[in-house]
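Colleague: Could you walk me through this model and show me how you would read it?
Modeller: Gladly, let us look together.

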Amino acid sequence: MKKGNIDYGLLISVILISIFGIIMIYSASYVWAEYKFHNPFKFVINQGVFFLLGLVFMYVISKIDYRLYYEKATPLVITCFILLVLVLIPGIGTVRNGSRSWFGIGSFGIQPSEFMKLALIIFTAKYLVKNEKQMTDIKKGVLPILSLTLLVFGIIMLQPDFGTGMIIVMSIMGLIFVGGVPFKFFLRMGMLGMAGIVGLIAVAPYRLERILSFLNPWKDPLGSGFQIIQSLYAIGPGGLFGYGFLNSRQKHFYLPEPQTDFIFSIISEEFGFLGVIIVVGLFLIILTRAFKIARKSQDMFAKYLTFGIAFQIGFQAILNLMVVTGLIPVTGVTLPFLSYGGSSLLITMSSIGIILNISRYQK
């Protein structure tokens with residue numbers, strides 16, 4: 001296949017939304033960073049470093065032939081699987097925000113579940129290519145890849161990290177749907193998923209508290225309902241143009257660590273509906289360009305791989321926006337490109353690098 005130019009629309013949109021994320025991380029975090037670390041630039045510097053690394057990764061990966069991942073799919077999944085197990089071992093993995101899902105490296109943290117999100121998409125894309133004719137057979141085609149996905153989900157739940165686990169499951173389900181699995185299978189899986197959620201609630205009662213606080217957060221405004229109430233207090237008064245940059249009120253020790261899961265609340269408070277349009281618009285451009293690249297790809301592995309990455313970014317963004325606006329219970333899912341988090345930013349920008357390389361081979 002003859003190489004062409006990368007998709008510059010996708011590249012520019014990713015850079016713009018990431019830079020906007022760095023700006024908003026400073027605005028959202030400087031009060032908390034000054035209080036906790038005596039350095040208002042603590043979080044924005046860290047994120048800036050990972051953004052620069054992400055740019056390098058994205059550029060280098062955009063030069064690597066995507067077909068290499070087809071050959072390395074199995075070793076990638078095995079390596080990430082080992083890392084997921086190792087992070088559960090006390091003394092190796094570290095606990096942050098109640099989850100043992102990090103490898104601590106100084107003040108930085110690496111989250112192996114972020115790497116697994118991409119590795120499993122690569123593996124599933126290869127699996128769909130090799131088993132294309134069997135995907136209408138649930139036992140022979142769907143059950144093996146679904147079993148692997150649920151095994152990964154189970155290990156991530158031991159950390160526990162329900163949000164990341166759900167992103168992985170939803171992304172793979174979307175990918176096998178594109179692979180030609182009958183729709184009735186997804187109806188059955190939806191029913192089993194509801195039963196599984198009930199079981200997870202029974203095992204860990206704190207999840208029931210999250211659901212109850214979601215239904216009526218004002219019942220426990222200083223406890224389980226605190227985050228969502230403070231998030232709505234940030235979003236509600238924003239109006240058309242918001243309070244203005246740096247003028248958020250909720251970041252002043254009302255909304256806990258707003259630079260992470262609830263950064264969209266601060267964007268809405270400071271930039272109002274205009275900020276919402278900017279964020280949603282950039283995500284729509286990124287996803288539209290990715291889906292267009294997937295549809296134009298002649299190679300089925302490239303097609304599945306691009307769809308899988310786009311599903312992962314799209315589902316994660318939708319879940320985060322639903323949480324901060326009070327549509328679903330709090331799940332601990334970050335907003336891609338915008339929320340503070342080095343592992344997430346590196347993997348997401350690396351994933352975009354893969355799509356950019358695939359875009360070179362379009363007709």
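**Reading the model, feature by feature**

Colleague: Where should we begin?
Modeller: With a loop residue. Phe253 sits in the loop between helix H9 (226-235) and H10. Keep in mind throughout that this is a predicted model.

Colleague: What is the phi of Phe253, and is Phe253 buried or exposed, or something in between?
Modeller: The general idea is that most residues other than glycine have a negative phi. Phe253 is not a glycine, yet its phi is positive, about 70°. With a relative accessible area of 48%, Phe253 is partly exposed.

Colleague: Which loop holds Phe337, and what is its phi?
Modeller: Phe337 lies in the loop between H11 and H12. Its phi is positive, about 75°, although Phe337 is not a glycine. Its relative accessible area is 2%, so Phe337 is buried.

Colleague: Which residues does a cis peptide bond join here?
Modeller: As a rule, most peptide bonds are trans. Here, a cis bond joins Gln159 and Pro160, with omega at about -10°. Pro160 belongs to the loop between H5 and H6.

Colleague: Let us step back to the whole chain. How many helices and strands does the chain have?
Modeller: The chain has 12 helices and 3 strands. Its radius of gyration is 20 Å, close to the 21 Å that the globule rule gives for 363 residues, so the chain is as compact as a globular protein of that length. Along the principal axes, the C-alpha atoms fill a box of roughly 55 × 50 × 40 Å.

Colleague: What share of the residues is buried, and what share of the contacts links residues far apart in sequence?
Modeller: Buried residues make up 51% of the 363. Of the contacts with a separation of 6 or more, 72% are between residues 24 or more positions apart.

Colleague: How do I read the length and setting of a helix, say H11?
Modeller: Compare the distance between its end C-alpha atoms with the span expected at 1.5 Å a residue. Helix H11 (residues 300-324) has 25 residues and reaches 36 Å from its first C-alpha to its last, close to the 36 Å expected. As for setting, 21 of the 25 residues of H11 are buried, so H11 is largely enclosed by the rest of the structure. Gly326 follows H11 and has a positive phi, near 80°.

Colleague: How far apart are the end C-alpha atoms of H4?
Modeller: They are 27 Å apart, which agrees with the 27 Å that its 19 residues should span at 1.5 Å a residue. Of those 19 residues, 16 are buried, so H4 too is largely enclosed by the rest of the structure.

Colleague: Now for empty space. How many cavities of 30 Å³ or more does a search of the whole structure find?
Modeller: Rolling a probe the size of a water molecule over the atoms shows where empty space is left. In this structure the search finds 2 cavities of 30 Å³ or more. The second largest has a volume of about 30 Å³, and its lining includes Lys117, Ile168 and Gln312. H4 and helix H6 (162-178) are the elements that give two or more residues to that lining. H6 provides the largest share, 4 residues. By class, the lining divides into 5 nonpolar, 2 polar and 1 charged.

Colleague: And which residues lie nearest the centre of the second largest pocket?
Modeller: Leu76, Phe115, Leu118, Ile347 and Ser350 do, among the 16 residues that line it. Two or more lining residues come from each of helix H2 (42-63), helix H3 (67-86), helix H4 (112-130) and helix H12 (342-359). The pocket holds about 340 Å³ of space. Its lining has 13 nonpolar, 3 polar and no charged residues.

Colleague: Let us end with two side chains that can carry charge. Is Glu269 buried or exposed?
Modeller: Glu269, in helix H10 (residues 263-296), has 1% relative accessibility, so Glu269 counts as buried. Beyond residues up to four places away in sequence, Glu269 touches several residues, including Ala234, Tyr243, Arg249 and Gln250. Glu269 and Gln250 are 19 residues apart in sequence, and their C-alpha atoms are 8.4 Å apart.

Colleague: Is Lys140 buried or exposed?
Modeller: Lys140, in helix H5 (residues 138-157), counts as exposed at 57% relative accessibility. Leaving aside neighbours within four places in sequence, Lys140 is in contact with Tyr127 and Gln134.

How values were computed: Residues numbered from 1 in each chain as written. Heavy atoms only, no water. 1 Å grid on protein atoms, 1.4 Å probe; cavity = no way out; pocket = protein on both sides within 12 Å on 5 of 7 lines; lining within 4 Å. Points joined across faces, edges and corners; volume = space filled by probe spheres on them. Nonpolar A, V, L, I, M, F, W, Y, C, P; charged D, E, K, R; others polar. Expected span 1.5 Å × (residues − 1). Buried < 20%, exposed > 50% of the residue type's maximum accessible area, 1.4 Å probe, protein only. Rg over C-alpha atoms; globule rule 2.2 N^0.38 Å. Contact = heavy atoms within 4.5 Å.
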